[in-house]
Amino acid sequence: MEESIIVTALKVMGVGVTTVFCVLLIIIGLGKLLINFVNSFIPEEEKPKKEVTPQPALVSADVQQAIEKAVQQITGGKGCVEKIERI
């Protein structure tokens, strides 16, 4: 018994969709490998830290120190407080 044209078209479409999906997965994997390879040989440049000029005190020194310590703890030492404003 012969297959209908619709069944054959669906099979071809399924093979095409599967092939495109697999190729995209390969491209994503190779991209991630390339990123990891490049990052292992070329370290990220460190940005120069801006010197913070003292601003007129909008909040008390105790509150400012508490906020700075909280930011340091939450960001693991990577964040800094540039400006504190009352809302």
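The legends below describe close-up views of one predicted model.

Residues are numbered from 1 along each chain as its sequence is written. Local features in this predicted model need pLDDT of at least 70, side-chain atom pairs count only at pLDDT 80 or more, and totals for chains, interfaces and linings use all residues, while side-chain values use heavy atoms, with hydrogens and water left out.

**Figure 1. The whole chain contains two helices and zero strands.** Helices (H or I, at least four residues) and strands (E, at least two) are DSSP runs, numbered from the N terminus. Along its principal axes, the C-alpha trace spans about 90 × 40 × 20 Å. The radius of gyration of the chain is 28 Å, whereas a compact globule of 87 residues would have one near 12 Å. This radius is taken over C-alpha atoms, and the globule rule is 2.2 Å times the number of residues to the power 0.38. Of the 87 residues, 5% are buried; buried means under 20% relative accessible area, exposed over 50%, and partly exposed in between (1.4 Å probe, protein chains only). The chain exposes about 8800 Å², of which carbon and sulfur atoms supply 66%. Accessible areas come from the Shrake-Rupley method with a 1.4 Å probe, and for residues only the protein chains shown count as cover.

**Figure 2. Helix α1 covers residues 5–41 and is hardly covered by other parts.** The count of buried residues among the 37 residues of α1 is zero. At 1.5 Å a residue, α1 should span 54 Å, and its end C-alpha atoms are indeed 54 Å apart. The expected span of a helix is 1.5 Å times one less than its number of residues. Threonine 8 lies in this helix and is partly exposed, because its relative accessible area is 39%. From threonine 8 to valine 81 the C-alpha distance is 64 Å, with their positions 73 residues apart in sequence. Glycine 31 also belongs to α1, and its relative accessible area of 27% makes it partly exposed. Glycine 31 and methionine 13 are 18 residues apart in sequence and 27 Å apart in space, C-alpha to C-alpha.

**Figure 3. A nonpolar surface patch includes Ile42, a residue of the loop between α1 and α2.** Leu34, Phe37, Val38, Phe41 and Ile42 make this patch of about 540 Å². Patches are made of residues with over 30% relative accessible area and no salt bridge, like charges being joined within 9 Å and nonpolar side chains (Val, Leu, Ile, Met, Phe, Trp, Tyr) within 5 Å. A salt bridge is a side-chain nitrogen of Lys or Arg within 4 Å of a carboxyl oxygen of Asp or Glu. Isoleucine 42 counts as exposed because its relative accessibility is 55%. Lysine 49 is placed in the loop between α1 and α2 and is exposed, at 79% relative accessible area. Lysine 49 and isoleucine 26 are 40 Å apart, C-alpha to C-alpha, and 23 residues apart in sequence.

**Figure 4. Helix α2 comprises residues 61–75.** At 1.5 Å a residue, its 15 residues should span 21 Å, which agrees with the 21 Å between its end C-alpha atoms. Just after α2, glycine 76 takes a positive phi of about 70°.

**Figure 5. Cysteine 22 is partly exposed and cysteine 80 is exposed.** The relative accessible area is 38% for cysteine 22 and 53% for cysteine 80. A search of the whole structure finds zero disulfides, a disulfide being a pair of cysteine sulfur atoms within 2.5 Å.
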